[in-house]
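Biologist: I should like to go through this structure with you, one question at a time. Please explain each answer step by step.

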Amino acid sequence: MTAHQETAPRPPHQVLDGTDIARVVTRIAHEIVERAKGAEDVVLLGIHTRGVHLARRLHARLAQITGQEIPLGTLDITMYRDDLRLKPARALEHTEIPPGGIDGRLVILVDDVLFSGRTIRAALDALNDIGRPRAVQLAVLVDRGHRELPIRADYVGKNLPTSLREAVQVRLADRDGVDAVLVGDRDFAARSSQALASQPSVPHLPE
């Protein structure tokens with residue numbers, strides 16, 4: 001095996017498909033009903049971007065299970081991130097709080113991947129400016145580990161041990177046209193693009 005082969009980045013491989021994701025959402029919905037004793041005072045807040053789509057699916061499943069319309073909202077945490085100055089500027093999303101607000105309610109934050117915990121810390125800071133829930137819980141599709149802050153998810157679709165050189169990609173049909181969770185080397189796309197650029201005879205099509 002050559003040195004190039006040993007260091008070649010690993011392309012993404014699928015760890016969850018659409019059936020798996022649907023099953024996970026259903027399981028989390030049942031866990032919420034059990035822990036919240038019927039979800040009477042639950043409010044779902046999806047964290048932009050894919051957390052919003054997951055929250056909508058969770059909302060639909062909870063309605064089927066409980067026969068109740070669970071309040072659903074969205075949360076943009078862009079201006080609360082502690083790495084804002086280190087990343088390129090991005091458009092602000094829309095924070096939408098249900099008409100009843102969140103005061104005294106059990107707020108369940110919904111996100112796609114739990115990693116360092118900094119996104120959730122920012123979400124908690126954003127909640128402080130919105131109201132005072134009686135409790136806050138966290139539901140995530142994937143927990144990949146490598147926490148930098150003492151934050152833990154209450155509902156986890158899949159615990160997925162990863163290395164720091166790997167990237168977890170969540171794709172949802174609502175946004176990406178397909179439901180899947182993929183894991184691959186973080187620099188695979190970058191190295192693949194560099195390889196294409198170094199071969200003039202091979203057209204480099206836009207992604």
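Biologist: What distance separates the end C-alpha atoms of α3, and what span should its 17 residues have?
Modeller: This is a predicted model, and the helix can be checked against its expected length. The expected span is 1.5 Å times one less than the number of residues. For the 17 residues of α3 this gives 24 Å, and the distance between the end C-alpha atoms agrees, at 24 Å.

Biologist: Which elements do the buried residues of α3 pack against?
Modeller: The buried residues of α3 include Val-52, Leu-54, Leu-58 and Leu-62. Their partners comprise two helices and four strands, named here with residue numbers where useful: α2, β2 (42-47), β3 (72-75), β4 (106-114), β5 (135-143) and α5 (173-176).

Biologist: Is His-59 buried or exposed?
Modeller: His-59 has its place in helix α3, which covers residues 50-66. Leaving aside neighbours within four places in sequence, His-59 is in contact with Leu-44, Glu-69, Ile-70 and Leu-72. A residue counts as buried under 20% relative accessible area. His-59 has 13% relative accessibility and therefore counts as buried.

Biologist: Which residue just after α3 takes a positive phi?
Modeller: Helix α3 covers residues 50-66. Just after α3 comes a residue with a positive phi of about 75°, and that residue is Gly-67.

Biologist: Where is the cis peptide bond with omega near 10°?
Modeller: The second residue of the bond, Thr-49, lies in the loop between β2 and α3. With omega near 10°, the cis bond is the one from His-48 to Thr-49.

Biologist: How far apart are the end C-alpha atoms of helix α2?
Modeller: Helix α2 has 18 residues, numbered 18-35, and at 1.5 Å a residue they should span 26 Å. The distance in the model agrees with this expectation, because the end C-alpha atoms are apart by 26 Å.

Biologist: Which residue caps the N-terminal end of α2?
Modeller: The cap rests on a side-chain oxygen that lies 3.1 Å from the backbone nitrogen of Thr-19. The residue that supplies this oxygen is Asp-17.

Biologist: Is Lys-37, which follows α2, buried or exposed?
Modeller: Lys-37 lies in the loop between α2 and β2. Its phi is near 55°, a positive value in a residue other than glycine. Over 50% relative accessible area counts as exposed. Lys-37 has a relative accessible area of 70%, so it is exposed.

Biologist: What is the relative accessible area of His-146?
Modeller: His-146 is found in the loop between β5 and β6 (155-159). Although His-146 is not a glycine, it has a positive phi of about 65°. His-146 is partly exposed, with a relative accessible area of 31%.

Biologist: Which are the edge strands of the open sheet of three strands?
Modeller: The order of this open sheet is β1-β8-β7, with antiparallel pairing. An edge strand pairs on one side only, and this holds for β1 (13-17) and β7 (166-171).

Biologist: How many bridges join β7 to β8?
Modeller: Strand β8 covers residues 180-185 and runs antiparallel to β7. Within this pair, Arg-171 stands opposite Ala-180 in β8. The number of bridges that join β7 to β8 is six.

Biologist: At about what angle does α2 run to β1?
Modeller: Helix α2 lies across β1, β7 and β8. Among the buried residues of α2 are Ile-21, Val-25 and Ile-28. The angle at which α2 runs to β1 is about 45°.

Definitions and conventions. Residues are numbered from 1 along each chain as its sequence is written. This is a predicted model: local features need pLDDT of at least 70, side-chain atom pairs count only at pLDDT 80 or more; totals for chains, interfaces and linings use all residues. Side-chain values use heavy atoms; hydrogens and water are left out. Buried means under 20% relative accessible area, exposed over 50%, partly exposed in between (1.4 Å probe, protein chains only). A polar contact is a pair of N or O atoms within 3.5 Å; within protein, one must be able to donate a hydrogen and the other to accept it, and residues adjacent in sequence count only if both atoms are side-chain atoms. Contact means heavy atoms within 4.5 Å. Two strands pair if DSSP finds at least two bridges between them. Axes are lines fitted to C-alpha atoms, for helices over the stretch in contact, and angles run from 0 to 180 degrees between N-to-C directions.
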